[in-house]
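Please look over the model below with its sheet and its nonpolar cores in mind.

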Amino acid sequence: AQSAAVAVGEAALRFARRRTLPRVDKKSRQREAELLAARLFQNSLFPRTAPALPGFRLAAGHLAAGELSGDFYDLLPLDGHTWGILLGDVAGTGVAAALVGGMCRIAVRSQTLFSRSPAEVLRRVNRLLHGDLVGHTLVTMIYAIVDTETREIRLARAGQEEPLLRRVSEVIQINAPGCCFGMDSIETFDRVMADVSLSLEPGDLLLFFSDGMTDAVGPDGASLDKSALVATLSKTGTGDAQTALEELFRELHSLHSSGDLADDVTLVALERVGNIR
């Protein structure tokens, strides 16, 4: 009973001390609590592990430029043999960008069951978000559907960076039409959006990335632009998805060894590994 009373007394003393702290400290604690809540919310939106996709190997990585990120990605089980891969980018960093990113991720999840066309899913998401985004926030996304039975990949791009395909002998850019969310009318967005289909051979690797990767500039002015990214990806040879991402992040870190990132960086790599069951 005595130890319980002491504990209660100490708790009361701590509470009294908190009440007498200057207002600035109270505001600082409140801001820290809000940032922690936002960070926990954002962390809950990032997949904790990569799923097992028969015939494929998947790896993902993310670096935030600040305390919270405007980038987001998701891995969505659609049925027994199809998976969705989503990568998006909200302009800016901080709490507002993180919350908009969470809203966009949830919006995509709400529409994936209505269509197996990535372009149609993004059209539906744009209709949901258009009124909230237009004139306020720039959002880009790329959404792909992987069929582990047919090995077909279909993707659609809403202003996001065009993915790179690493083959044994070359790295090519996958061109896909599309505009950012909220930039144009719903009719224009619907008209320019289209699916692109491709298939990977064993050893091929498809890389999705946010523009924080190619916009990175080091303290000495050196940049990791699209051509440098292609060259670095080429040097990964036939390395697996995780090895390729590690090499790309290593290159990014070497550029920023004495500087901070100006924008969030997110990479998702999908590797074709053959008929693994």
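The report that follows describes an open sheet, the helix packed on it, and two nonpolar cores in a predicted model.

Five strands make up the open sheet, which runs in the order β1-β10-β9-β6-β7 and is paired in the antiparallel sense. Its edges are formed by β1 and β7, each of which pairs on one side only, and the average turn between neighbouring strands, with direction ignored, is 20°. Between β1 and β10 the antiparallel pairing extends over eight bridges, and within this pairing Ala59 has Ala269 of β10 opposite to it. Helix α8, which spans residues 241-255, packs on the sheet and touches β1, β6, β9 and β10, while its direction makes about 25° with that of β1.

| Strand | Residues |
|---|---|
| β1 | 56-63 |
| β6 | 164-166 |
| β7 | 171-173 |
| β9 | 205-209 |
| β10 | 265-272 |

The largest nonpolar core holds 26 residues, of which Leu122, Val125, Val139, Met141, Tyr143 and Phe181 touch the most other members. Two or more residues come from each of β2 (71-77), β3 (82-90), α3 (95-111), α4 (118-133), β4 (139-147) and β5 (152-158), and α4 gives the most, with six residues. Once neighbours within four places in sequence are left aside, the contacts of Tyr143 include Leu76, Ile85, Leu86, Val121, Leu122, Leu155 and Ala156, as well as Arg154 and Thr112. Another core lies apart from this one and has 24 residues, among them Leu53, Ala144, Val196 and Leu200. In soluble globular proteins, nonpolar side chains tend to be buried together.

Conventions:
Residues are numbered from 1 along each chain as its sequence is written. This is a predicted model: local features need pLDDT of at least 70, side-chain atom pairs count only at pLDDT 80 or more; totals for chains, interfaces and linings use all residues. Side-chain values use heavy atoms; hydrogens and water are left out. Two strands pair if DSSP finds at least two bridges between them. Helices (H or I, at least four residues) and strands (E, at least two) are DSSP runs, numbered from the N terminus. Axes are lines fitted to C-alpha atoms, for helices over the stretch in contact, and angles run from 0 to 180 degrees between N-to-C directions. Contact means heavy atoms within 4.5 Å. A nonpolar core is a set of buried Ala, Val, Leu, Ile, Met, Phe, Trp, Tyr and Cys residues joined through side-chain atoms within 4.5 Å. Buried means under 20% relative accessible area, exposed over 50%, partly exposed in between (1.4 Å probe, protein chains only).
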